[in-house]
Amino acid sequence: MPSGKWHSPFFTPYALYGTVDYMYGWPAYESNNGFTQAQASMNIFESAGYLGYLYLFWKHGDGQWTYEQGQQRSMRGRWGGLACLFGFSLSILTFSKTVLYGLNEHFSGYHYIGHNDAFRLIFLWIIPNGLWIPLPAYMMYAFGKDILHGLSLAGGEDDQKQD
């Protein structure tokens, strides 16, 4: 919160966001609404999981990735399966949390964002939060496709990836 111990310099942009979405501002804090603290706790686990995925990817991936050469890193075997499972699970978590936030607003009668004009709502709430739906949805698709491909190979089916 503004004037809080850790607000400046780390969380200064959230002063504006707290005026757009009261769930992250003084109204929710003063009413002892626990949703913000609960979702922040989930964010810690989610972020740690993504860091774990990146660690697996860079520690156990093969190939060198450079933008100029266009090469890709890949993973195989147990480590590849574990990283794929991490990525798939985390993308479901990110997607589901974002949908939950939107549904929470809808079913509360837009209690925490209904005070905004259309411009603020679109550019400071819908677009920034909306990105957390298609990006994890694509990750679910890509990781899910890889998981199905691996299971097909393990079952003795053709090794060609199906789209």
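This is a friendly conversation about how to read some features of the structure above.

Visitor: What kind of model is this, and what do the values rest on?

Guide: This is a predicted model, in which local features need pLDDT of at least 70, side-chain atom pairs count only at pLDDT 80 or more, and totals for chains, interfaces and linings use all residues. Residues are numbered from 1 along each chain as its sequence is written, and side-chain values use heavy atoms, with hydrogens and water left out.

Visitor: Let's begin with rings. How many aromatic pairs does the structure hold?

Guide: A pair of aromatic rings is described by the distance of the centres and the angle of the planes. Rings of Phe, Tyr and Trp (its six-membered ring) pair if their centres lie within 6.5 Å; planes under 30 degrees apart count as stacked, over 60 as edge-to-face and the rest as tilted. The structure holds eight aromatic pairs. One of them joins tyrosine 17 and tyrosine 24, a tilted pair with 5.6 Å centre to centre and 50° between the planes.

Visitor: Are those two tyrosines, 17 and 24, buried or exposed?

Guide: Buried means under 20% relative accessible area, exposed over 50%, and partly exposed in between (1.4 Å probe, protein chains only). Tyrosine 17 has a relative accessible area of 16%, so it is buried. Tyrosine 24 has 24% and is partly exposed.

Visitor: Which class does the pair of tryptophan 26 and tyrosine 29 belong to?

Guide: The pair is edge-to-face, because the planes stand at 80°, with the ring centres 5.4 Å apart. Both residues lie in helix 2 (residues 26-30), three residues apart, which is about one turn of the helix. Helices (H or I, at least four residues) and strands (E, at least two) are DSSP runs, numbered from the N terminus. Tryptophan 26 is partly exposed at a relative accessible area of 37%, and tyrosine 29 is partly exposed at 47%.

Visitor: Which residues form an aromatic cluster?

Guide: Tyr53, Phe57, Trp58 and Phe143 form one aromatic cluster.

Visitor: Now to empty space. What is the volume of the largest pocket?

Guide: Rolling a probe the size of a water molecule over the atoms shows where empty space is left. On a 1 Å grid over the protein atoms alone, a pocket is an open set of points where a 1.4 Å probe fits, with protein on both sides within 12 Å along at least five of seven lines; lining residues have an atom within 4 Å of a point. Grid points are joined across faces, edges and corners, and a volume is the space filled by probe spheres set on the points. Here the largest pocket has a volume of about 1500 Å³. Of the 47 residues that line it, the closest to its centre are Tyr14, Tyr17, Tyr24, Gln39 and Asn43.

Visitor: Which elements give two or more residues to the lining of the largest pocket?

Guide: They are helix 1 (14-20), helix 2, helix 3 (35-60), helix 4 (77-107) and helix 5 (118-130). Helix 3 gives the largest share of the lining, eleven residues. By class, the lining has 24 nonpolar, 18 polar and five charged residues; Ala, Val, Leu, Ile, Met, Phe, Trp, Tyr, Cys and Pro count as nonpolar, Asp, Glu, Lys and Arg as charged, and the others, Gly among them, as polar.

Visitor: Which residue forms a salt bridge with lysine 97?

Guide: A salt bridge is a side-chain nitrogen of Lys or Arg within 4 Å of a carboxyl oxygen of Asp or Glu. The structure holds one salt bridge. Glutamate 46 is the partner of lysine 97, and their closest N and O atoms are 2.3 Å apart. The pair links distant parts of the chain, with glutamate 46 in helix 3 and lysine 97 in helix 4, 51 residues apart. Glutamate 46 is buried at 8% relative accessible area, and lysine 97 is buried at 10%.

Visitor: What is lysine 97 in contact with, leaving aside its neighbours within four places in sequence?

Guide: Contact means heavy atoms within 4.5 Å. With those neighbours left aside, lysine 97 is in contact with Met42, Asn43 and Glu46.

Visitor: Last, the backbone. Where does asparagine 32 lie?

Guide: Asparagine 32 lies in the loop between helix 2 and helix 3. Its phi is near 60°, a positive value in a residue other than glycine. Asparagine 32 is exposed, with 71% relative accessibility. Tyrosine 110, in the loop between helix 4 and helix 5, has a positive phi near 55°.
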